[in-house]
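Student: Please choose a single part of this protein and examine it closely, rather than giving me an overview. I would like to follow how that part is built and what surrounds it.

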Amino acid sequence: AIADIANRNFFSRYPYKLGGAKVALISLNLEVIRLLLIWSATSAAMGITGSLLTGLGMSLVFPSFGLIAVNHVDPSNRGMAIAAYNAFFDIGVGLTAPVAGLVARNGGYNNIYIMGAVAAAISATLAYAELKKQKKQPEFVIKNG
């Protein structure tokens, strides 16, 4: 939680400065590494380090993908886009715990981190596809922010 709060305080403008797809891609690729670090931890220090780094990475994914979502709609519909994005994010968060519980019950607690790494890798692939698409038409970026 401390890492998440610190990251939001110091780096929250980066999705607007660099673009949501780029920040999401960087954050998610690092997230895969962090989750694999927790999964393979052989000591409490490795697990805590992975956990700290996870908080740093995930804090910018939500606003980065949110920026992507609002850039795909007309400005007059951006409020609706944010509402839909938040709703689907909440559904995803709500489904994560039961799915993680099934993974832990059937494959062991440690496999939850592999599941998270796979989910982050899939999300990174989506961010990469968006970044490639933006090469043709850039998203909204604050120039003097």
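Tutor: What follows is a close look at helix 3 and its surroundings.

This is a predicted model, in which local features need pLDDT of at least 70 and side-chain atom pairs count only at pLDDT 80 or more, whereas totals for chains, interfaces and linings use all residues. Residues are numbered from 1 along each chain as its sequence is written, and side-chain values use heavy atoms, with hydrogens and water left out.

Helix 3 covers residues 20-39, where a helix is a DSSP run of H or I with at least four residues, numbered from the N terminus. From the first C-alpha to the last, the 20 residues of helix 3 reach 28 Å, close to the 28 Å expected at 1.5 Å a residue; the expected span is 1.5 Å times one less than the number of residues.

Twelve positions need not be listed in full here: the buried residues of helix 3 include Gly-20, Val-23, Leu-25, Leu-28, Glu-31, Arg-34 and Ile-38, buried meaning under 20% relative accessible area, exposed over 50%, and partly exposed in between (1.4 Å probe, protein chains only). These buried residues pack against helix 2, helix 4 (44-58), helix 5 and helix 7, with contact taken as heavy atoms within 4.5 Å.

The nonpolar side of the helix is best followed through the core. The largest nonpolar core has 13 residues, and Leu-25 and Leu-28 are those with the most contacts inside it; such a core is a set of buried Ala, Val, Leu, Ile, Met, Phe, Trp, Tyr and Cys residues joined through side-chain atoms within 4.5 Å. Helix 3, helix 5 and helix 7 each supply at least two residues of this core, and the largest share, six residues, comes from helix 3. In soluble globular proteins, nonpolar side chains tend to be buried together. Leaving aside neighbours within four places in sequence, Leu-25 is in contact with Ala-124, Ala-127, Tyr-128 and Leu-131.

Two charged residues of helix 3 deserve the same attention, for both Glu-31 and Arg-34 lie in this helix. Their side chains meet in a salt bridge at 3.8 Å, N to O, the rule being a side-chain nitrogen of Lys or Arg within 4 Å of a carboxyl oxygen of Asp or Glu. Because they are three residues apart in helix 3, Glu-31 and Arg-34 are separated by about one helical turn. Glu-31 counts as buried because its relative accessibility is 3%, and Arg-34 counts as buried because its value is 11%. Beyond the neighbours within four places in sequence, Glu-31 is in contact with Thr-54, Gly-57, Met-58 and Ala-120, while Arg-34, with the same neighbours within four places left aside, is in contact with Ser-27, Gly-50, Leu-53, Thr-54 and Gly-57.

It helps to view the arrangement from the partner helix as well. Helix 7 (residues 111-134) has 24 residues and reaches 35 Å from its first C-alpha to its last, close to the 34 Å expected at 1.5 Å a residue. Among its buried residues are Ala-120, Ala-124, Ala-127, Glu-130 and Leu-131, and the cover over the buried residues of helix 7 includes helix 3, helix 5 (61-70) and helix 6 (78-107).

By the rule given above, the salt bridges come to two, and the other one lies in this partner helix: Glu-130 forms a salt bridge with Lys-133, the closest N and O atoms being 3.5 Å apart. Glu-130 and Lys-133 both lie in helix 7, three residues apart, about one turn of the helix. Glu-130 counts as buried because its relative accessibility is 11%, whereas Lys-133 is partly exposed because its relative accessible area is 48%.
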